[in-house]
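Work through the exercises below with the model open. Each one states a task and then solves it in steps.

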Amino acid sequence: MTKKQIIGKIILYIVLILLAIGMLVPFAWMISASLKAEKDVFAFPIQWIPTNPKWSNYVKIWKKVPLLIGFRNTIVITVVATALQVITSSFAAYAFAKLTFKGRDTIFLCYVMTIAIPWQVYMVPQFIMIKNMGLTDSLVGLILMQSFTATGVFLMRQFYIGIPNELLEAARIDGLSEYGIWAKIMLPLSKAAVATLIIQGFVFEWNDFMGPLIYLSSSNKKTVQLMLRMFNTQYSSNYALIMAAATVSLIPVFVLFIFLQRYFVQGIAAAGIKG
Amino acid sequence: MSDTSAKAAAAAAPKKKGSLQRHRTLIAYSFLLPNLIGFMVFTFVPIAFSLVLSLCDWGAGNTGIKFVGLDNFIQMFTQDKSFWISLKNTLYYTVVTVPVTLFIALLLAILVNKPIKGRTFFRSVFFFPYVASLVAVAVVWMALFNPDKGPINSILMALGIANPPRWAASQTWAMPTIIGLTVWKGMGYYMIVYLAGLQGVNPELYEAAALDGANKWQQFLHVTWPCITPTTFFNLMMLIVATFKSYDIMYITTQGGPGEATKVLAYHIYNSAFVSGKFGYASAVAMVLFVIVACVTLIQFRVEKRFTDYL
């Protein structure tokens, strides 16, 4: 390496480290503030590591707001909606990719057209319809509204099209039913797509704010994100507790991110290359 | 006798084929229906319904739904000041957020594409805010930018700035504060897309350019940039749609305020429907959003077709 290259590399590292600090500072401040007494939160100059960490903040938050119920509701919504989405999308995608039936292309066109339409465009009539079904202020309504997305079907179909037909023909000759083919061939071969779909579903459901805000009103139905918002409005002067609640709400996604980052990235990169 | 049995077999064959076909169709529908029913009821019908609703007068209080033609649109374009303000704010938000995000995302992608130690770590750090919950990061962001006691203003004051901006509480600075949060949170996503684009560039092109004596900047200008144009275009379109439909970030941080400084189009839809209870009118505003997004998507379709022809 020449001297110039070494200097270039050092500059590169300095720039990257500065940028990384810029990205991480808000999180560091959040954790630091969550361990302080309220009067020290905004003390200046900033004391990054509290001398007397107040772990009790993390005990208090569960009593101030029914955060545990929020977690329960969010977990129910996330698990059920993601499972429904993965199962029904991969089912429908198999029909679209590998079976022939009347109206297939027309129906698929309906799916594709809606991908480009933002939820904000139809959230009002959707709410009215679900309200008339008596499903507002219930987890069921929210789950049903979010479980049947066109993007899920589209993603799985793209993946299934790449699986060779000869494989399915051979299985049919061996006497496997279409359901058997779906369960024993398509699903195992599409693990990567399923993983992407699960992760995207999980992150979306966990972080979703506007959906629950519009649909859920009683406090025992609220999700983690709504509870966090409640904290922010009801205890607006108690930043230490708000930061503790924010930290707790970020942990599940953070853990998932650390272990399954590959799948987060793969899905996005694939979408970009295709586009 | 052999004659009749042959005829019977010939007659049975198409019938059997027909029932087999029907059987296959039934199986196909059994795969399709669980999703199709949900999709039709909860997505497709609401979309169609929103078109109808935009031509109707329907409030949360009264029970009747009344066809009023284009009245909602006329009212929106001629009388509703809030609509024009929110359209203007949406444009402001989009026009600043999109290029800034694109620029930083590309810069980050180039940096973390270099063969250095710890680049996976840096990628993760830049990407994480994208998956973090908006409510949580917005709460932190608002505390950091708290105009009276937040650390940002404490630092600015320590640096000798006597009257630092009042950020989300000021008419002028509220939108830039929100744009900052949007860029910070979202750029990791576009960085990943750019990274995939950069990795698709043929390395031989760089070697050829280097042989011709091109320096790093010239290599970027004449090799990297043209090669990743489709990626830039994809990111651009995604960003435009994302910024046009966004309103959760304004709801969480400023509630559209102060005044109407950060009220955007989608927020106006939400407000008209769920605060003022004017469902028909809200759907008319939604149609404007729909038309804008549809135009963006159509341009994307046409141009991308050209890209794929070209490639």
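Helix axes here are lines fitted to C-alpha atoms over the stretch in contact, and angles run from 0 to 180 degrees between N-to-C directions. The model is a predicted one.

**Exercise 1. Describe how H3(B) and H10(B) pack.**

Solution.
- Locate the helices. H3 of chain B covers residues 81–112, and H10 of chain B covers residues 229–245.
- Take the geometry. The angle is about 145°, and the axes are 9 Å apart.
- Assign the hand. The crossing of H3(B) over H10(B) is right-handed.
- List the contact residues. H3(B) supplies Thr90(B), Tyr93(B), Thr94(B), Thr97(B), Val98(B), Thr101(B), Leu102(B) and Ala105(B). H10(B) answers with Thr232(B), Asn235(B), Leu236(B), Leu239(B), Ile240(B), Thr243(B) and Phe244(B).
- Sort them. This contact holds 8 nonpolar and 7 polar residues, with no charged ones.

**Exercise 2. Decide which orientation class fits H3(A) and H7(A).**

Solution.
- Locate the helices. In chain A, H3 spans residues 67–98 and H7 spans residues 150–161.
- Take the geometry. Their axes come within 8 Å and cross at roughly 50°.
- Apply the cut-offs. Angles under 35 degrees count as roughly parallel, and 65 to 115 as roughly perpendicular.
- Conclude. H3(A) and H7(A) are therefore oblique to each other.
- Add the hand. H3(A) passes H7(A) in a right-handed crossing.
- Inspect the contact. On H3(A), the residues include Gln85(A), Ser89(A), Ala93(A), Phe96(A) and Lys98(A). On H7(A), they include Val153(A), Met156(A), Arg157(A) and Tyr160(A).
- Sort the contact. Its residues divide into 9 nonpolar, 4 polar and 2 charged.

**Exercise 3. Compare the radius of gyration of each chain with the globule rule.**

Solution.
- Start with chain B. Its secondary structure comes to 13 helices and 2 strands.
- Test chain B. The globule rule gives 19 Å for 311 residues, while the radius of gyration is 28 Å, so chain B is more spread out than a compact globule.
- Check the extents. The C-alpha trace of chain B spans about 110 × 75 × 35 Å along its principal axes.
- Move to chain A. This chain has 13 helices and 0 strands.
- Test chain A. Its radius of gyration is 24 Å, against near 19 Å for a compact globule of 275 residues.
- Check the extents again. The C-alpha atoms of chain A fill a box of roughly 75 × 70 × 35 Å.

**Exercise 4. Find the domains of each chain and the distance between their centres.**

Solution.
- Read chain A. The assignment gives domain 1 as 3–54 and domain 2 as 59–274.
- Place the centres. In chain A, the C-alpha centres of the two domains lie 34 Å apart.
- Count the contact. Domain 1 of chain A gives 8 residues and domain 2 of chain A gives 7.
- Sort the domain 1 side. It has 5 nonpolar, 1 polar and 2 charged residues.
- Read chain B. Here domain 1 is 2–53 and domain 2 is 72–310.
- Place the centres. In chain B, they lie 45 Å apart.

**Exercise 5. Which helix gives the most to the side of chain B that touches chain A?**

Solution.
- Count both sides. The contact takes 70 residues from chain B and 68 from chain A.
- Pick the helix. H1 of chain B, residues 2–53, gives the most to the chain B side, with 19 residues.
- Sort the chain B side. Its residues are 51 nonpolar, 14 polar and 5 charged.

Conventions
Residues numbered from 1 in each chain as written. Chains lettered and ligands numbered in written order. Predicted model: local features only at pLDDT ≥ 70, side-chain atom pairs only at ≥ 80, totals over all residues. Domains from an automatic or database assignment. Contact = placed C-beta atoms within 7 Å. Nonpolar A, V, L, I, M, F, W, Y, C, P; charged D, E, K, R; others polar. Helix = DSSP H or I, 4+ residues; strand = E, 2+ residues; numbered from the N terminus. Left-handed = near helix turned anticlockwise from the far one by under 90°. Parallel < 35°, antiparallel > 145°, perpendicular 65-115°, else oblique. Rg over C-alpha atoms; globule rule 2.2 N^0.38 Å.
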